[in-house]
Amino acid sequence: MVKILKHLEKKDSLLILGCLVFIVMQVWLDLKLPDYMYEITMLVQTEGSQMSDILLQGSYMLLCAVGSMGAAIIVGYFAAKVAAGFSVRLRAKVFEKTMSFSMEEINGFSTASLITRSTNDITQIQLLIAMGLQAIVKAPILAVWAIAKIMGKSWQWTAATGLAVAFLILLLSIVIFIAMPKFKIIQGLTDNLNRVTRENLTGIRVVRAYNAEGYQEAKFEKANEDLTKTNLFTTRLMALMQPSMGLIMSGISLSIYWIGAYLIYNAAAVDRLSLFSDMVVFSSYAMQVIMAFMLLSIVFFMLPRASVSAKRINEVLDTEAKILDGNLTAGKEGLAGEVEFKNVSFKYPDAADYILQNISFKAHPGETVAFIGSTGSGKSTLVNLIPRFYDASDGEVLIDGINVKEYSQEALHNKLGYVSQRAVLFSGTVLSNIAYGDNGEDIPDEEMVKKAIEIAQGQEFVEKMEGQYEASVSQGGTNFSGGQKQRLSIARAIARRPEIYLFDDSFSALDYKTDRVLRNALKKEIQNATMLIVAQRIGTIKDADRIIVLDQGKVAGSGTHEELMQTCSVYQEIAYSQLTKEELEVG
Amino acid sequence: MANKEVTNDEKMPPQGKKEKPMGASGARPTNIKKAMKQLIGYCRKYLAIILLALILGMTGAIFNIVGPDFLSQMTDLIGEGLMAEMDLDAIVHLAVILAILYGLGFLFNYIQGFIMATVTQRVTKRLRADISTKINRLPLKYFDKTSYGDILSRVTNDIDLIAQTMNQSLGMLVTSVTMFLGSLVMMIYTNWIMALSAVLSTIVGFGFMSLIISKSQRHFIQQQKELGKLNGHIEETHAGHDVVKVYNGEKEAKKIFHDINTRLYDSAWKSQFMSGLMMPLMMFIGNFGYVVVCIVGALLVHNGTISFGVIVAFMIYIRLFTQPLSQLAQVATSLQSTAAASERVFEFLREEELADESDKKEKLKTAKGDVEFRNVRFGYSEDKIVINNFTATIKAGQKVAIVGPTGAGKTTLVNLLMRFYEVNDGEILIDGVPISKLTRDNIHNLFCMVLQDTWLFEGTIRENIKYSKDYVTDEQVEEACKAVGLHHFVQTLPQGYDTVLDDKANLSSGQKQLITIARAMVENAPLLILDEATSSVDTRTEALIQKAMDKLMVGKTSFVIAHRLSTIKNADLIMVMKDGDIIESGNHDELLKKKGFYFELYNSQFEHVS
């Protein structure tokens, strides 16, 4: 928690100082109020005092109340500025940090978690700071000051107030130490209940087919009972809070008057009036003291949640991207478009087994090299090593004759046109999606975008859309079909005019015909770029200059389609098994 | 705080499927009265005790209200004692009574809270249980149009909301109203001029407050909007992180982020400021009332109209009077969201259930396995018929393969056979008995089934295989695992058959599928359905699973839906479906000879290869 506050800046400390000043002023005014009450009490109880005197004291009182509100508003203003400014800056830092992450770190956190961290968690901190500046700072000042004012009057009253405060603290500790941990347990039990329900829903056919409704319901009943039991305990405990608070408030007034009666009874006649006024005023002060502690309790409720949030944000900020930039911006001359793997092995951090083992191959400029293999054979992983989503564990990946680690990432990426397995579109327009990013040259103009879409076989559906190339794309591209999204993401790679194309299983969402036409168009239009294609369909890669067959992370065969059909058993197996399936899907 | 976020933490978009986070707190008071009536109906059992709680709450509130009157009397007695002899006994007498009243008030209030907490938990537990049972009583049709996330959010978010608000609001409503009216009455009774000034000062304060609330609303909405946009941007940037990186789109992404973030700052500090105003304002209303009461009171005392004790009493009255006002505002909003949440819950509970079958007399203990489809017609909705006039006869023990392109209606056939859906027309018969005459339970007992998506639950391997069939012995489980070739693997696990299958369990999709096959095997029913059981695994695993399934099929009438034609070549009967009808049937060789659609399907693959 403290660590995250280090992100506060200089001008914040000025605002915070301002907060402090006005809080002191507010407390002073709040505590001044009963003083005037004292004067009024004296005036009222003294025979023959002037009406105007009472009104004068009254207007001072009113002034105090207004002044106190004014000060509070100013404090609120400063606090809001500090808190909102802080959260905006923190959010930007988190975002900038995540932008520097490689896939490894992103996957480590998961997208959903990163979103919660940069929105909900930061909002938690913002609330705590805003509340904290008002309550945390104010409560102790108010408490100490009010106690100081009380102290001198009579130890009996002070003791009564102390007792009330002690009782309050006891109550709060019960909540903090007994109820709070239970809340965590409740979260877990709710998750459990959720899981059982989800299980029932996802497996609804199985549940019905096995007549297991009773079984599932029994399981739910148990989860439900566990949750209800814990809930009952905490809600019953929490039900104690409000009546107790009420009791403390009324109890303190009663005690002060009760004690006051004895004090005045025993006092000398001269002191009686001032004691009487003290009594009236004291009850106000005592109330202020108790209010201060209640204020503090709010912060105690917020603190655990906020500190969890702070921890989660720090986790992001403390994570260093494993992939570091090199400083080269150009490859070896005459080798533009060459991709080479030299004895490359790869395993995910913390994983026991290698995903890729000892892979070597070379794709010459202008060549098409394809990768095929069963799921989990490592073909996508292999392609991921080229744009440095991950770095090879052993061996070297060379582009244009130079290790990818030595390029600056920007320069490296400028050479690549990457199309992912899952087509990614951003909200915006068709045009903005195709002209996306920066390739170190001019941003593609509309002509180039049109051409790219034409090659990617997207012209027909794009031109049918309302607004055509300016047609809007909703978040995640949900207004396009899978095949359309894939074609647009291919067009995006084409518009970039890269040296090397990386197609990571990018054709599987297309039907056969489009797949073939698209590849033919690509071949015709782009002659000198190198293409690396990961595919599941044999049909997609049949014409490649070289096909590399992967099996459990190792190269099982390499050659043209015809060669492999003769020599490679893994390839044959794939060919026979899947073609039937494909054909079915076409029908 | 105004922005009530449901922290779903890590599990925001819950694993896949068509789920979208449902804003449970999105107050949508469709029909408050109706929803409330239903909710009250749910509490019927507890009505008496709720009434008791409310009466206790009211009594407690009244005790608190008369308190100031006692204090006032005490003050006056003390005040009289300033000049003359003090009547200490009378004061102590009053103080003791008041202490007892406060004590009782505390007790009553707590009992009220305790009862409400208990009732709320019991009611919500029942609601949850009812939803859970309801899930299993709904026709599958319902789940075609509803997302899981939606149902899940009803079980947790909505019911939690009901629990929270019901627990507090009802009690608070009663005590607040009592306090408010009570203190008003007491004030007027004590002194009407003072009462008037107290009420007026509060009205001024609250008028001011509602002005601010209405102003701040705009900033809150704006803040939520910008936050939503920011969320969207972060989501798509992270989800497409690979693309952003390779296309050097970071700069662009950062720019958009900063634009939204800057706009957010503007609305964020404003709404933060506005919500921060509430507290000082409430304080001021309290203080303002206090000052007014003091001044007016002092003037009246000076005139001799009232005694000083009245001021003391009013100082407390003003607090008792303003406090319930803000509470009432709170109750009003929370009741609205309770209504919206209960409306969603009851909407689900009102959904039409599967037909009751307790009057069905016919029962098949076991079956030989003859199956007949007689002129079956079916559509998921009336205007979209997917199966037209389907007729087929299958003899016991045969292996039937259903092939055809996606969307041809293959799985639909299975859905009808299991009576997950009811046919629109025609009849399906097992051993000559129409399945519409049998209970669903009975039909399900005659089948075992393996589906494409391997469904396992969090439990041990043994539990997953036995699954709700208590009669299955441990030996049978082991035998089944041996038969599917899983036994050896299970034994290598540290806990063997008692290994819990959860997120951490490292099972391949093939192994998971083998477990579901073992599950089907121990059921040992006369009929078997395999619905694309191998399409999610690679070729090598498929061979393994195929072997297991062949064992499973022995002696059973089996229906196999397959993508890969190689797996069903040996079927006794292959039905080729297209557009909801069987266009060809026969065994593999016969169909090839026919040179029809199947022939085309089977051969075109080779054209592709060479």
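The following exchange concerns a predicted model and takes up its chain contact, its core and two helix pairs.

In this predicted model, local features need pLDDT of at least 70 and side-chain atom pairs count only at pLDDT 80 or more, while totals for chains, interfaces and linings use all residues. Residues are numbered from 1 along each chain as its sequence is written, with chains lettered from A and ligands numbered from 1 in the order in which they are written.

Colleague: How many helices and strands are there in chain A?

Modeller: Helices (H or I, at least four residues) and strands (E, at least two) are DSSP runs, numbered from the N terminus. On that basis, chain A has 20 helices and twelve strands.

Colleague: Which helix of chain B gives the most to the side that touches chain A?

Modeller: Two residues are in contact if their C-beta atoms, placed from the backbone, lie within 7 Å. The contact takes 133 residues from chain A and 123 residues from chain B. With 28 residues, the helix that gives the most to the side of chain B is α8 (residues 250-303).

Colleague: Which element supplies the largest share of the largest nonpolar core?

Modeller: A nonpolar core is a set of buried Ala, Val, Leu, Ile, Met, Phe, Trp, Tyr and Cys residues joined through C-beta atoms within 7 Å. A residue is buried if 20 or more other C-beta atoms lie within 10 Å of its own, exposed if 12 or fewer, and partly exposed in between. The largest such core has 346 residues, and those with the most contacts inside it include A:Ile434 and B:Ala518. Its largest share, 24 residues, comes from α8(B).

Colleague: How are α6(A) and α9(A) oriented, roughly parallel or roughly antiparallel?

Modeller: Axes are lines fitted to C-alpha atoms, for helices over the stretch in contact, and angles run from 0 to 180 degrees between N-to-C directions. The axes of α6 (residues 155-202) and α9 (residues 241-266) of chain A come within 9 Å and cross at roughly 170 degrees. Angles under 35 degrees count as roughly parallel, over 145 as roughly antiparallel, 65 to 115 as roughly perpendicular and the rest as oblique. The orientation of α6(A) to α9(A) is therefore roughly antiparallel.

Colleague: How many charged residues does the contact of α6(A) with α9(A) have?

Modeller: Asp, Glu, Lys and Arg count as charged, Ala, Val, Leu, Ile, Met, Phe, Trp, Tyr, Cys and Pro as nonpolar, and the others, Gly among them, as polar. The contact has 13 nonpolar and five polar residues, and the number of charged residues is none.

Colleague: What percentage of the residues of chain A count as buried?

Modeller: Chain A has 587 residues. Of these, the share that counts as buried is 49%.
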